[in-house]
Amino acid sequence: KILLEGAPTTDKTYAGSVALSPNYIAPASGTFRFSPDTLSGFTDGALQTEVSYGDCGQVKLDVRDSADSTVAGFSETMTFQPFSISITGQLLHDSYAYVSEPFSLDFQAFNYDGAVAPNFSGTVLLSIEPTAGALPAGAVLNKSSVVLSGGSADITDVSYNRYGTCIVRAQVETGLPLLGTLSAATDPLSFVERAFLVELSSPLPDRTFYYIGETFRVVATAVDNNGTKLESFTGTAQVVLDGNVDQTYTFTDEDAGVHTFAFSAADEGERVLTVKDSLYAEISSLPKTASVRFAQMKVESLSIPVG
């Protein structure tokens, strides 16, 4: 209803048109307008209709006569919240991120029509959920909440501390009974080891090589982006000897990120060994070289007196 300024009652003779505009309170500026932004069709000085506002924030509705802008009125302060939100993971390696490696989340807040609401401002709660079963013990994101200003924002320097796949969920509490808590989740995100550290067992004392057929051991340790042992690693590793896959092993929880492989070379030479991830060949250890030789028997002649 339109009340003329200074008039305590409705002017039932009013039959003009009015312009609607937002008076931005918080934030103090914006780009969205009320829709429609012009109204007419008053009956007995009153008009009841629906209008919409496509952004978040606090605004007042400024109503002014189209012919005389001094004839005006204001609503109480109105608070607008997003209708929906979305969250998307931005991983540095397309299909995966290293455990403990910073990655980004793309957050967006939308209005009722599905357009981004640029004046969104509020706290976004972040949590992780398993894609199946339960999360590994001790699994956490390094951020549980962020305060954002803007309907489209990058949440940077997020990291996850366990091997495997999970989803990240974002929540916004609107405080409005009809909307309640808005929630959105990423697609499944994969977190993998950064590399393998490899140690070869030492030959027997006084030797720098192994004999053909002699057993030697390779200790492979999965590490995260910081080079720390990744105890939650349960992926599959391949030991590549001279360019060919020699052994394959799937780590278990009991391995705590470390497994020992046993070898015995059938040929002499400088044998080059690496440990690689079975899914991502680019995730590998540095090459190690084992020197392998034929075993030699030394025969010495002895002089023994006759009789």
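How many bridges join strand S20 to strand S21, and which way do the two strands run? Let me start there today. One thing up front: this is a predicted model, so please hear everything I say with that in mind.

Okay, the answer. Strand S20, residues 236-241, is joined to strand S21, residues 244-250, by six bridges, and the two run antiparallel. If you want a pair to click on, Val-240 stands opposite Val-245 in S21. The two strands make a hairpin with two residues between them, and Asp-242 in that hairpin takes a positive phi near 55°. Asp-242 isn't a glycine, and it still has that positive phi. As for accessibility, Asp-242 has a relative accessible area of 33%, so we call it partly exposed.

Now let's widen the view. Which sheet do S20 and S21 belong to? An open one of five strands, in the order S18-S24-S23-S20-S21, with mixed pairing. S21 stands at one edge and strand S18, residues 210-211, at the other; each has a single partner strand, so one side of each is left without a neighbour in the sheet. On the other side of the hairpin, S20 is joined by five bridges to strand S23, residues 269-277, and that pair is antiparallel too. Within that pairing, Leu-241 has Leu-273 of S23 as its bridge partner. And a reminder while you're looking at strands: in a regular strand, side chains alternate between the two faces of the sheet.

Next sheet. This one is open as well, with three strands in the order S8-S10-S13 and antiparallel pairing. At the edges are S8, residues 84-90, and S13, residues 152-158; each has a single partner strand, so one side of each has no neighbour in the sheet. From one strand to the next, the twist averages 20°. S8 and strand S10, residues 103-110, are joined by seven bridges. For a landmark there, find Ser-86, whose bridge partner in S10 is Gln-108.

Following on from S8, have a look at the loop between S8 and strand S9, residues 97-98, which is where Asp-94 sits. Asp-94 is another non-glycine with a positive phi, about 65°. Is Asp-94 buried or exposed? Exposed, with a relative accessible area of 73%.

While we're on backbone oddities, there are a couple of cis peptide bonds to show you. One runs from Ala-26 to Pro-27, with omega near -5°, and Pro-27 lies in the loop between strand S1, residues 18-26, and S2. Another goes from Ser-35 to Pro-36, also with omega near -5°. Pro-36 is in the loop between S2 and strand S3, residues 38-39.

S2 comes up again in the largest pocket, which has a volume of about 550 Å³. It's lined by 24 residues, and the ones nearest its centre are Tyr-53, Phe-80, Gln-81, Phe-83 and Tyr-112. Strands S2 (34-35), S4 (52-53) and S7 (78-80) are the elements that give two or more residues to the lining. Which of them gives the largest share? That's S7, with three residues. By class, the lining has 15 nonpolar, six polar and three charged residues.

Now for charges. Side chains of opposite charge can pair when their charged atoms come close. This structure holds five salt bridges, and I'll walk through some of them. Arg-64 and Asp-62 meet at 3.0 Å, N to O. Arg-64 is partly exposed at 29% relative accessible area, whereas Asp-62 counts as buried because its relative accessibility is 9%, and the cut-off is under 20%. Then there's Glu-214 with Arg-207, where the closest N and O atoms are 3.1 Å apart; both of those residues are buried. Lys-229 and Glu-231 form another, at 3.9 Å, and Lys-229 is partly exposed at 40%.

One last thing, to give you a feel for distances. Pro-136 is in the loop between strand S11, residues 121-130, and strand S12, residues 145-149, and it's partly exposed at 30%. Pro-136 and Arg-64 are 72 residues apart along the chain, and their C-alpha atoms are separated by 61 Å. That's me done, so over to you.

Note on methods:
Residues are numbered from 1 along each chain as its sequence is written. This is a predicted model: local features need pLDDT of at least 70, side-chain atom pairs count only at pLDDT 80 or more; totals for chains, interfaces and linings use all residues. Side-chain values use heavy atoms; hydrogens and water are left out. Two strands pair if DSSP finds at least two bridges between them. Helices (H or I, at least four residues) and strands (E, at least two) are DSSP runs, numbered from the N terminus. Axes are lines fitted to C-alpha atoms, for helices over the stretch in contact, and angles run from 0 to 180 degrees between N-to-C directions. A salt bridge is a side-chain nitrogen of Lys or Arg within 4 Å of a carboxyl oxygen of Asp or Glu. Buried means under 20% relative accessible area, exposed over 50%, partly exposed in between (1.4 Å probe, protein chains only). On a 1 Å grid over the protein atoms alone, a cavity is a set of points where a 1.4 Å probe fits but cannot get out, and a pocket is an open set with protein on both sides within 12 Å along at least five of seven lines; lining residues have an atom within 4 Å of a point. Grid points are joined across faces, edges and corners, and a volume is the space filled by probe spheres set on the points. Ala, Val, Leu, Ile, Met, Phe, Trp, Tyr, Cys and Pro count as nonpolar, Asp, Glu, Lys and Arg as charged, and the others, Gly among them, as polar.
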